[in-house]
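Biologist: Please give a close account of one loop residue and of the parts of the chain that can be linked to it through contacts and local geometry. I would like the reasoning to be set out step by step.

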Amino acid sequence: MISALVSNGNSTFSRNPGIRSGEKVHSWFNHNSVSCSRNQKQLFKNANLKSWRFRVSSTEEESHGRAEMAVLCGFGYWVQGFRLFPWLALNFHMAHGMKMHPSTLQFVQNSGNLPFVAKPLYGILSDALYIGGAHRLPYISIGVFLQALAWGKLALVSAASEGYLGIMLCVLLSNLGASITEVAKDALVAEYGQKNRMTGLQYYAFMASAAGGIFANSLGGYILLKTKQPKFMFLIFSVLLAVQLALSLTVREESLGLPQPSNYAPPVRKSILGNIKKQYSDLMVCIREERIYRPLIWFVASIVAVPVLSGSIFCYQTQCLNLNPSTIGMAKVTGQLVLLSITVLYERIWKDIPIRKSGGVIQIIYAASLLLDFVPARQINLKLGISNETFVLCFSGISEIIATFKLLPFSVLFASLAPSGCEGSLLSFLASAFYLSSIVSGYLGVGLASYLGITSGDYSSLPVGIIIQFILALLPLGLLKFLPISESSAKKESSR
């Protein structure tokens with residue numbers, strides 16, 4: 001190239017005989033070097049400008065994505081907590097409108113949770129199967145639609161709300177939709193948190209859910225007391241679900257910065273069945289790890305060990321103590337306020353406590369909270385000058401809230417340990433274990449109530465059942481060695 005320039009330069013420069021050939025070439029190179037330097041500066045300036053514009057646009061997209069994420073998941077978890085609104089109406093409808101036996105009521109409550117047991121399947125599908133280029137938001141939309149369909153049918157179709165079979169089918173359909181939505185939301189939060197290095201998003205999810213539960217019970221008790229129309233409450237919740245459905249359909253998953261199908265080489269070429277098999281295989285490998293299955297065993301055992309008498313206690317409060325819906329609703333509000341408070345305290349203060357220690361403390365508090373139902377069952381509160389309404393308002397349902405809160409430390413632990421691409425599967429498996437053990441606990445409670453002879457006309461054996469609950473709730477303390485000393489120790493084990 002240089003020789004070509006020299007030869008061309010000789011023919012050109014020969015027109016100026018006063019300038020020697022070497023000087024001509026040297027002048028020519030100096031001129032071009034200055035020109036190149038200017039061009040490089042201009043290119044560098046343009047590159048910097050483009051880089052700055054890219055960073056600005058990226059920052060704007062990230063802030064917009066965070067805003068959409070906050071609205072989508074914040075409102076979604078709030079609605080999840082607000083599910084207590086129609087359930088309060090349904091429980092009163094079954095207990096008073098249909099005069100259900102306490103054991104039958106509890107059987108419906110626990111059997112209706114069966115769709116939650118299949119959460120690992122929904123998690124595997126959400127991780128492996130993309131719908132329209134997304135694998136979280138479409139499942140949220142599907143789940144919300146199923147819930148709206150079920151509660152809308154209970155509100156508008158009399159046959160669905162007046163018969164045992166119709167109620168059971170609608171409850172199963174509603175919980176199927178709720179379980180799909182919860183799996184997708186939990187996976188979305190875990191995936192978004194890992195991508196943006198934002199740990200502890202589950203705390204805020206719990207707060208939003210607790211806030212929804214507070215509003216649901218306070219408003220639900222008031223509306224049920226004034227209108228005595230459970231169907232009206234079913235309709236209100238259906239409209240709220242329609243709003244959530246519209247919101248989930250307007251948000252694009254790519255705006256949240258989540259991985260798209262093109263970012264994964266295998267799913268593009270493999271069949272859908274192959275992807276599902278791979279996710280199932282990855283989940284099984286993950287669960288077989290000691291850092292996962294040992295805490296899971298303790299978690300399940302701590303729930304199954306206690307036969308729950310929630311149906312018998314609810315019927316005792318409404319049929320024997322004659323408490324009105326407003327009192328029951330406000331008692332639930334108290335429980336949700338407790339849940340919200342301890343969630344905030346856990347996130348701010350207690351999250352650094354070793355999980356083995358925190359798990360043991362929570363289990364002891366749970367066992368003690370079960371004894372709170374013993375007080376009105378033996379009317380001890382009246383001897384202390386405290387009315388049934390006041391005591392139930394302040395203390396009823398605390399044990400249920402503590403049992404729900406117990407899920408939080410394990411959700412945070414498993415979310416931090418979940419391998420990339422397996423977030424939905426692992427967290428849904430944890431939720432499935434929670435619901436399955438809760439269902440077994442509920443069935444054991446039905447059996448215990450039947451064995452003790454607790455019926456809608458005879459609650460004399462209810463205090464005995466509560467004492468049995470308390471004793472059995474202390475048994476899991478002997479298995480605390482299954483829990484890791486701390487979350488950091490579990491992560492060290494995973495890195496080995």
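Modeller: Asn 322 sits in the loop that joins α15 (310-320) to α16. The model is a predicted one. The backbone of Asn 322 has a phi near 60 degrees, which is a positive value in a residue other than glycine. Asn 322 counts as exposed because its relative accessible area is 57%, and the cut-off for that class is over 50%.

A positive phi is also found at Gln 379, where the angle is near 60 degrees and the residue is again other than glycine. Gln 379 belongs to the loop between α18 (374-377) and α19 (380-383). With a relative accessible area of 23%, Gln 379 is partly exposed.

Asn 388 connects these two regions. Leaving out residues up to four places away in sequence, Asn 388 touches Leu 321 and Leu 323, and also Gln 379, Asn 381 and Leu 382. Asn 388 lies in helix α20, which covers residues 388-395. Its relative accessible area is 11%, so Asn 388 is classed as buried.

The chain beyond this point brings in the record. The unreviewed UniProt entry annotates "transmembrane region" at residues 203-225, 231-251, 296-316, 358-378, 390-414, 426-452 and 464-483. In the model, the span 390-414 is 88% helix and 0% strand, with its end C-alpha atoms 39 Å apart. For the span 426-452 the figures are 100% helix and 0% strand, and the end C-alpha atoms are separated by 39 Å.

Helix α22 (residues 407-417) can be examined through its packing against helix α14 (residues 290-304): the two axes come within 11 Å and cross at roughly 170 degrees. α14 is therefore roughly antiparallel to α22, since angles over 145 degrees fall in that class. The crossing of α14 with α22 is left-handed. On the α14 side, the contact is formed by Arg 291, Ile 292, Pro 295, Leu 296, Trp 298 and Phe 299, while α22 contributes Leu 407, Phe 410, Leu 413, Phe 414 and Leu 417. Sorted by class, this contact between α14 and α22 holds 10 nonpolar residues, one charged residue and no polar residues. As general background to such spacing, an α-helix has 3.6 residues a turn, so residues three or four places apart point the same way.

The burial of α22 is consistent across the helix, with 10 of its 11 residues buried. The buried set consists of Leu 407, Leu 408, Pro 409, Phe 410, Ser 411, Val 412, Leu 413, Phe 414, Ala 415 and Leu 417.

Within α14, Trp 298 merits separate attention. Its relative accessibility is 0%, so Trp 298 counts as buried. Apart from residues up to four places away in sequence, Trp 298 touches Phe 410 and Lys 406, Gly 359 and Gln 363, and a further group made up of Pro 476, Leu 479, Leu 480, Phe 482 and Leu 483. The C-alpha atom of Trp 298 is 8.9 Å from that of Lys 481, although the two residues are 183 positions apart in sequence.

Leu 483 leads to another loop. Its C-alpha atom is 9.5 Å from that of Pro 354, which is 129 residues away along the chain. Pro 354 is placed in the loop between α16 (325-348) and α17 (355-370). Pro 354 is partly exposed because its relative accessible area is 31%.

These pairs can be set against the protein as a whole. Among contacts with a separation of 6 or more, 85% join residues that are 24 or more positions apart. The protein has 25 helices and zero strands, and 49% of its 496 residues count as buried.

A further buried position, outside the regions described so far, is Ser 179, whose relative accessible area is 0%. Ser 179 is located in helix α9, residues 164-195. Once neighbours within four places in sequence are set aside, Ser 179 is in contact with Pro 115, Phe 116, Lys 119 and Tyr 122.

To return to the starting point, Asn 322 is an exposed loop residue, and Leu 321 and Leu 323 are touched by the buried Asn 388.

Key: Residues are numbered from 1 along each chain as its sequence is written. This is a predicted model: local features need pLDDT of at least 70, side-chain atom pairs count only at pLDDT 80 or more; totals for chains, interfaces and linings use all residues. Side-chain values use heavy atoms; hydrogens and water are left out. UniProt positions are given in the numbering used here, feature names are shortened, and annotations may be inferred rather than shown by experiment. Helices (H or I, at least four residues) and strands (E, at least two) are DSSP runs, numbered from the N terminus. Axes are lines fitted to C-alpha atoms, for helices over the stretch in contact, and angles run from 0 to 180 degrees between N-to-C directions. Angles under 35 degrees count as roughly parallel, over 145 as roughly antiparallel, 65 to 115 as roughly perpendicular and the rest as oblique. A crossing is left-handed if the near helix is turned anticlockwise from the far one by less than a right angle, and right-handed if clockwise. Contact means heavy atoms within 4.5 Å. Ala, Val, Leu, Ile, Met, Phe, Trp, Tyr, Cys and Pro count as nonpolar, Asp, Glu, Lys and Arg as charged, and the others, Gly among them, as polar. Buried means under 20% relative accessible area, exposed over 50%, partly exposed in between (1.4 Å probe, protein chains only).
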